[in-house]
Protein chains: 2
Amino acid sequence: MTGDAPARDIASQIETIFHPRAIAVVGASANPDTPGYDYLHSLQAFGYRGRLYAVNPKGGEMLGLPVYRSLRETPGEVDYVICCIPAEHVLELVRECGERGVKALQLFTGRFSETGRPDAAGLERQVLAAAREAGVRIIGPNCMGLLYPGQGISFRADMSREAGSVGFLSQSGNLLFELTHYGAPRGLRFSKAVSYGNALDLDESDFLQYFAEDAETRVVGAYLEGLRDGRRFLAALRHAAGRKPVVVLKGGRTGAGGRAAASHTAALAGPSAVWQAAIAQAGALAVDTVEDLIDMLIAFDRLQGGARANAIRPYAGHRLGMVGAGGGPSTRSVRFAPGAAQDERPRLGMVGAGGGRSVLTADLCEELGLAVPPLPEDVERKVAERAPGLAGWVTNPVDQSILAGSGLGGGQVLEWLDESPQIDLLLANMNEAWAFGRPNADAILSRVAERFIQVAAQTRKPFAVVLGPSDYAEEERRRLVSQVRDRLAAAKVALYPSVERAVRALARFTAYWERRQA
Amino acid sequence: MTGDAPARDIASQIETIFHPRAIAVVGASANPDTPGYDYLHSLQAFGYRGRLYAVNPKGGEMLGLPVYRSLRETPGEVDYVICCIPAEHVLELVRECGERGVKALQLFTGRFSETGRPDAAGLERQVLAAAREAGVRIIGPNCMGLLYPGQGISFRADMSREAGSVGFLSQSGNLLFELTHYGAPRGLRFSKAVSYGNALDLDESDFLQYFAEDAETRVVGAYLEGLRDGRRFLAALRHAAGRKPVVVLKGGRTGAGGRAAASHTAALAGPSAVWQAAIAQAGALAVDTVEDLIDMLIAFDRLQGGARANAIRPYAGHRLGMVGAGGGPSTRSVRFAPGAAQDERPRLGMVGAGGGRSVLTADLCEELGLAVPPLPEDVERKVAERAPGLAGWVTNPVDQSILAGSGLGGGQVLEWLDESPQIDLLLANMNEAWAFGRPNADAILSRVAERFIQVAAQTRKPFAVVLGPSDYAEEERRRLVSQVRDRLAAAKVALYPSVERAVRALARFTAYWERRQA
């Protein structure tokens with residue numbers, strides 16, 4: 001299916017849609033509490049450089065733009081139309097789009113099949129027929145449309161304007177808000193994203209094919225409720241997953257979820273186990289929650305050489321006795337040995353946690369299939385040289401409170417763990433709960449962050465850093481933690497809000513690559 | 001074991017230790033980067049009202065206090081001594097404590113058996129023998145000691161000074177930092193807590209017996225690595241769990257975790273499955289992570305009548321077709337019927353999420369054993385009266401984006417769900433990711449929070465509210481979300497940082513009470 005002419009055609013058609021020379025917002029409004037305002041304002045705020053037309057039968061002016069009374073009155077070509085008018089006027093608009101040579105019409109407009117009403121579903125079918133006749137592609141209805149920071153296209157003004165390398169397709173617009181909102185502080189940045197709602201015309205398979213080909217996208221994520229064509233989607237998924245990591249969150253896995261999905265995007269969802277198995281079978285990663293989705297997009301984008309790499313490098317470090325700085329392994333030739341012995345598990349080294357947290361991290365790692373070996377001999381030798389009093393006491397994870405006052409810091413031990421051939425994965429905890437008890441928390445956190453950033457820039461091992469949320473009553477603490485987080489995110493460090501989530505991401509990341517290489 | 005004279009004796013002995021008339025800090029220091037400073041400063045900052053003595057051979061004055069050259073020189077009685085001097089001087093201090101009639105000696109001092117060195121372990125044994133001879137109880141060594149906001153006792157100045165009703169015993173001091181640090185913004189407040197390290201004398205069973213009896217403690221939490229006496233502990237656990245909910249996080253569940261525990265608190269940990277089963281058997285709740293620990297302490301403290309109740313009320317709402325406001329059920333007589341039909345699952349009603357999030361919440365609930373029924377008839381009738389256009393479309397979870405512009409708010413539907421006999425559990429999402437896209441986010445979030453607080457004050461159903469972390473680059477957003485969070489926490493609402501965690505907590509909470517009633 002994919003790789004053939006129709007798949008390439010659709011990818012190049014969507015590429016054109018993502019690069020409109022002119023956009024018209026039909027149903028534009030000067031009222032800041034309406035979608036017709038949001039779209040115009042977002043495109044202006046993001047610095048969209050094509051021509052931008054506001055269309056509203058009232059005419060006049062808004063946001064510094066002349067308002068055209070209809071799409072017909074707009075001067076010059078229009079490639080892309082955003083529709084915020086009521087459902088009953090959409091059919092007429094589709095015809096106008098056809099006349100004007102519009103390539104794609106995005107329907108923010110809802111109240112179609114998702115209402116469960118036969119007349120609304122009938123209108124939706126008429127819209128599709130009219131669009132086919134007019135040669136106009138439809139995105140939606142009942143969706144937010146395109147996000148493309150590189151071209152200044154957004155449906156919300158408060159999204160990050162920085163371009164990244166994660167491509168995302170979402171049946172739900174609100175879920176895309178959440179994803180960007182909660183992911184942004186941790187450095188999650190999008191090449192392009194699309195919210196496509198009821199998938200009346202362009203659907204999940206089309207967008208997935210596009211992201212598989214898109215050179216700006218290194219990692220693909222998807223939130224799906226129903227599928228228009230399951231067989232076609234799985235073929236597209238297999239093709240995409242063969243080219244880059246794909247993370248899929250499937251909603252409507254259960255009876256209650258499926259019922260909610262029907263009223264949300266009129267999607268016919270399928271049972272959980274079937275889809276989860278099919279997604280894995282296709283070589284993608286299935287996740288169950290938005291938290292896991294964000295964590296795994298960050299994992300694939302940042303865990304391994306996020307700071308340096310242009311392309312995703314499959315991880316297979318622990319099969320190679322991979323060493324730290326310098327010449328990385330050629331991983332392509334490595335194959336996973338099924339039934340590998342226990343001591344072939346990826347070996348994690350950790351710094352920056354207190355005693356209890358170190359114990360719990362070791363437990364969680366073991367429970368999730370990661371090994372936490374004792375401090376490797378080469379590291380132990382270095383510890384003994386530098387801090388003889390700690391020799392034979394400090395272990396892995398390296399208990400930060402044992403180091404306290406010894407003159408030996410966690411950052412130094414982290415570098416030694418990076419150099420050790422006995423360690424495959426690195427985990428470092430900012431431990432701000434402890435730092436805030438010290439009189440110089442500000443200096444400690446900044447210094448530790450810079451040290452971790454140095455290691456991230458050098459290491460070839462997957463490396464995750466933990467910094468908790470900035471939920472402080474005191475503004476000074478909120479500011480300090482946000483500042484440190486921004487610094488780490490800007491340095492493209494893989495950031496996690498808790499040790500638990502970092503360990504889960506490392507475990508799934510390594511298991512994914514093992515499965516891929518099987 | 002518990003309920004007998006020795007158990008009562010130990011509880012009353014610990015009660016005395018928690019109420020010292022005078023505290024001496026031995027190894028007091030004017031250097032803000034030392035524990036000897038932290039203890040003095042924390043006691044002053046918390047407003048400890050007993051007499052406070054600084055002891056240091058150098059004499060002089062610090063933090064406005066005269067410094068005594070030895071414990072012997074302090075005037076008047078000393079009930080409690082905090083020790084920050086090196087291990088080699090501890091034996092002598094124990095003897096001085098005996099002479100001065102000190103009741104308890106808390107050893108912050110470490111480098112005893114946790115180093116794994118025979119001489120250090122030998123010294124530890126001598127300390128215990130000397131303490132027994134001197135009639136002095138030991139807390140520690142290698143621990144932070146007591147937190148008791150009600151008496152102005154703390155080991156860190158930046159803990160919350162507000163007293164709550166959660167009692168906590170922790171083998172790890174750093175873990176207690178994390179717990180208080182991450183729990184505080186969500187309103188987690190402690191009656192009393194203790195970090196007891198190596199448990200040389202007073203141990204986990206002693207403190208658990210104490211919290212079981214303590215009138216200021218409604219919910220008990222514990223972080224344990226090893227146990228001094230497993231049989232005695234399980235008896236104490238069974239007794240405590242019979243009186244109040246007990247949540248146990250066991251570290252050292254695996255080989256690697258156990259090795260870390262040995263170097264942390266010299267604890268001999270046991271295999272995971274055995275302990276998890278034993279904890280459940282005793283009627284307590286076993287959790288695996290700090291996140292789950294915080295979530296479940298908040299669940300038991302706040303999910304049900306946190307705003308009103310003085311005592312914990314067992315939950316059995318869904319067995320009774322419990323109704324909302326007004327006369328709550330007498331739950332004592334309700335018994336869990338094993339093999340209950342699927343439709344006896346607790347039924348959750350949710351508002352405040354967008355479409356995708358509603359779908360995923362329904363999925364997660366079903367996967368964790370909660371039912372998410374369609375909108376109950378009584379609620380549907382009210383929706384149809386108020387907003388006829390939504391009738392037959394909006395379902396449960398109530399998709400906030402369907403309500404948008406209808407004049408019907410999520411808060412109103414939440415009240416109707418509370419009134420409906422077809423709903424047992426309530427979940428409300430602040431949905432700030434959406435609100436921040438609106439021009440009046442500030443007003444929206446404040447209004448929604450107040451509405452949720454009203455429902456929390458009235459409902460007799462377990463009710464959880466979700467508000468995400470305040471990890472914003474913009475100070476204005478950080479401030480706004482923190483302000484809303486503080487308001488919700490002060491109103492004793494059960495607050496969760498994600499829908500996922502709220503659903504997990506509700507599911508474990510109801511399952512816990514079902515098992516208790518079996």
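In chain B, six strands (a strand being a DSSP run of E, at least two residues, numbered from the N terminus) form an open sheet of mixed pairing, in the order S8-S10-S9-S11-S12-S13. Two strands pair if DSSP finds at least two bridges between them. The edge strands of chain B, S8 (145–147) and S13 (285–287), each pair on one side only. S8(B) runs antiparallel to S10 (residues 190–195) of chain B, joined by three bridges. B:Gly145, for instance, has B:Ser195 in S10(B) as its bridge partner.

A word on the source: this is a predicted model, in which local features need pLDDT of at least 70, side-chain atom pairs count only at pLDDT 80 or more, and totals for chains, interfaces and linings use all residues. Residues are numbered from 1 along each chain as its sequence is written, with chains lettered from A and ligands numbered from 1 in the order in which they are written.

Let us turn to the two chains. How many residues of chain B are in contact with chain A? There are 75, and they meet 75 residues of chain A; contact requires C-beta atoms, placed from the backbone, within 7 Å. H11(B) gives the most to this side of chain B, with twelve residues; a helix is a DSSP run of H or I, at least four residues.

Finally, the H17 helices. A:Glu475, A:Arg478, A:Arg479 and A:Ser482 in H17(A) meet B:Glu475, B:Arg478, B:Arg479 and B:Ser482 in H17(B). By type, the residues of this contact are six charged (Asp, Glu, Lys and Arg), two polar (those neither charged nor nonpolar, Gly among them) and no nonpolar (Ala, Val, Leu, Ile, Met, Phe, Trp, Tyr, Cys and Pro).

Definitions and conventions. Two residues are in contact if their C-beta atoms, placed from the backbone, lie within 7 Å.
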